[in-house]
Amino acid sequence: MHNDIPQIPLANGNTIPQLGLGVFQVDNAEDTKNSIKWALAAGYRHIDTAAYYGNEQWVGEAIKESGLDRSELFVTTKLWNNVRGYDETKQAFGESMARLGLDYLDLLLIHWPAPGYVDTWKAMEDLYREGKIKNIGVSNFEQNQLEDLMSQTEIKPMIDQIETHPYFQQTELHAYLESQGIQHEAWSPLGGGKNNALGDPVIAKIAAAHNVTPAQAILRWHIQREEVVIPKSIHEERVAQNRDIFAFGLDEDEMQAIAKLDQGKRVGPDPQNLAWLKKSMTYGSRA
């Protein structure tokens, strides 16, 4: 097996690198820029940030300092829940682009399905038509929310970025996204450190059989489910290990063994929790 990072096709004919670097909770310039530098050196070309993370400026600086041609990179950011409405969305997009120092964006996501997402999406559709964003999508949208959005808008989301890991596998939503031609992207693919998936004996046994780490085994499981994954690390060795997941494969028994670990347990908020969604609209990005 080769060790190249696959390009996953999207419904609009574009592609996205199947592996990216996430920078959630990386809250200082040194860690942000180092993790991106190490990732790019290891061959990553996909970086995922968000206005709420407060690190778009450092992501932009790291991209500029890398010396890589802009066309080689796939950059994602997200609109936080306090941004709702057509004009507000366009303004927030412009502010994110200024912080990133980019003249176009590869992917813009609505971060959560807080009320008002339809008007936000309509602004994103226009930004997409204008060529300022190559792809548009959502994050943390459940099936009912996707159906509501699609019933009132013209362009179907190309991606839904959702919490997915061995203890919360999103099997039904995964199947729905596949049926709709919407790419499943997994955030917190290793469980976010809030559960013990990395210490699960089933994962440990599979990892040992392939002479890889538990994290590599879990990421490989995601890859074989045809998900896009964006693991985060501020440690150089782990950034490199997370990259090295394409030169081995899990067999069907191993895939089924991990499938049986599903506990239906989130580590993040529930997208159906309207009280939390409304509360989250009262605070803005950390930028």
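Q: Before we look at any helix, what does "buried" mean here?

A: A residue counts as buried when its relative accessible area is under 20%, and as exposed when that area is over 50%. Keep in mind that this is a predicted model. Now take helix H8: nine of its 11 residues are buried, so the helix is largely enclosed by the rest of the structure.

Q: Which residues of H8 are buried, and what do they pack against?

A: The buried set is Ala215, Gln216, Ala217, Ile218, Leu219, Arg220, Trp221, His222 and Ile223. Around them you will find strand E9 (183–187), along with H7, E10, H9 and H10. After H8 comes Glu226, with a positive phi near 65°.

Q: How do I read a residue in a loop, and where is Leu250?

A: Start with its place in the chain, then look at its accessibility and its contacts. Leu250 sits in the loop between helix H9 (236–243) and helix H10 (252–259). Leu250 has a relative accessible area of 8%, so it is buried. Setting aside neighbours within four places in sequence, Leu250 contacts Ile206, His210, Ala217, Arg220, Trp221, Gln224, Met255 and Ile258. One of these partners, Ala217, is 33 residues away in sequence, while the C-alpha to C-alpha distance is 8.0 Å.

Q: What should I make of a positive phi?

A: Most residues other than glycine have a negative phi. Two loop residues here are worth setting side by side. Gln170, in the loop between strand E8 (159–163) and helix H6 (171–180), has a positive phi near 55°. Asn211, in the loop between helix H7 (201–210) and helix H8 (214–224), has a positive phi near 60°.

Q: Is Gln170 buried or exposed, and is Asn211 buried or exposed?

A: Gln170 is buried, with a relative accessible area of 9%. Asn211 is exposed, and its value is 72%.

Q: How do I judge the length of a helix, and what span does H4 have?

A: Compare the end-to-end C-alpha distance with the rise expected per residue. H4 (residues 117–129) contains 13 residues and spans 18 Å from first to last C-alpha, close to the 18 Å expected at 1.5 Å a residue. Just past H4, Gly131 has a positive phi of about 85°.

Q: Which side chains of H4 face inward, in the sense of being buried?

A: "Buried" is the safer word, and the residues are Tyr117, Val118, Thr120, Trp121, Ala123, Met124, Glu125 and Leu127. They pack against strands E5 (74–79), E6 (105–110) and E7 (133–139), and against helices H3 (86–100) and H5 (143–151).

Q: How do H3 and H4 cross?

A: Look at the axis distance, the angle and the handedness. The two axes come within 7 Å and cross at roughly 55°. H3 and H4 are therefore oblique to each other, and H3 passes H4 in a right-handed crossing. On the H3 side, the contact uses Tyr86, Thr89, Lys90 and Phe93. H4 contributes Asp119, Thr120, Lys122, Ala123, Met124, Asp126 and Leu127.

Q: Last topic: how are the strands of the sheet arranged?

A: Strands of a sheet pair through backbone hydrogen bonds, either parallel or antiparallel. In this model, eight strands make an open sheet in the order E3-E4-E5-E6-E7-E8-E9-E10, with parallel pairing. Strands E3 (21–22) and E10 (228–229) are the edges, each pairing on one side only. For a close-up, E5 and E6 run parallel and are joined by four bridges. Thr77 stands opposite Leu108 in E6.

How values were computed: Residues are numbered from 1 along each chain as its sequence is written. This is a predicted model: local features need pLDDT of at least 70, side-chain atom pairs count only at pLDDT 80 or more; totals for chains, interfaces and linings use all residues. Side-chain values use heavy atoms; hydrogens and water are left out. The expected span of a helix is 1.5 Å times one less than its number of residues. Buried means under 20% relative accessible area, exposed over 50%, partly exposed in between (1.4 Å probe, protein chains only). Contact means heavy atoms within 4.5 Å. Two strands pair if DSSP finds at least two bridges between them. Axes are lines fitted to C-alpha atoms, for helices over the stretch in contact, and angles run from 0 to 180 degrees between N-to-C directions. Angles under 35 degrees count as roughly parallel, over 145 as roughly antiparallel, 65 to 115 as roughly perpendicular and the rest as oblique. A crossing is left-handed if the near helix is turned anticlockwise from the far one by less than a right angle, and right-handed if clockwise.
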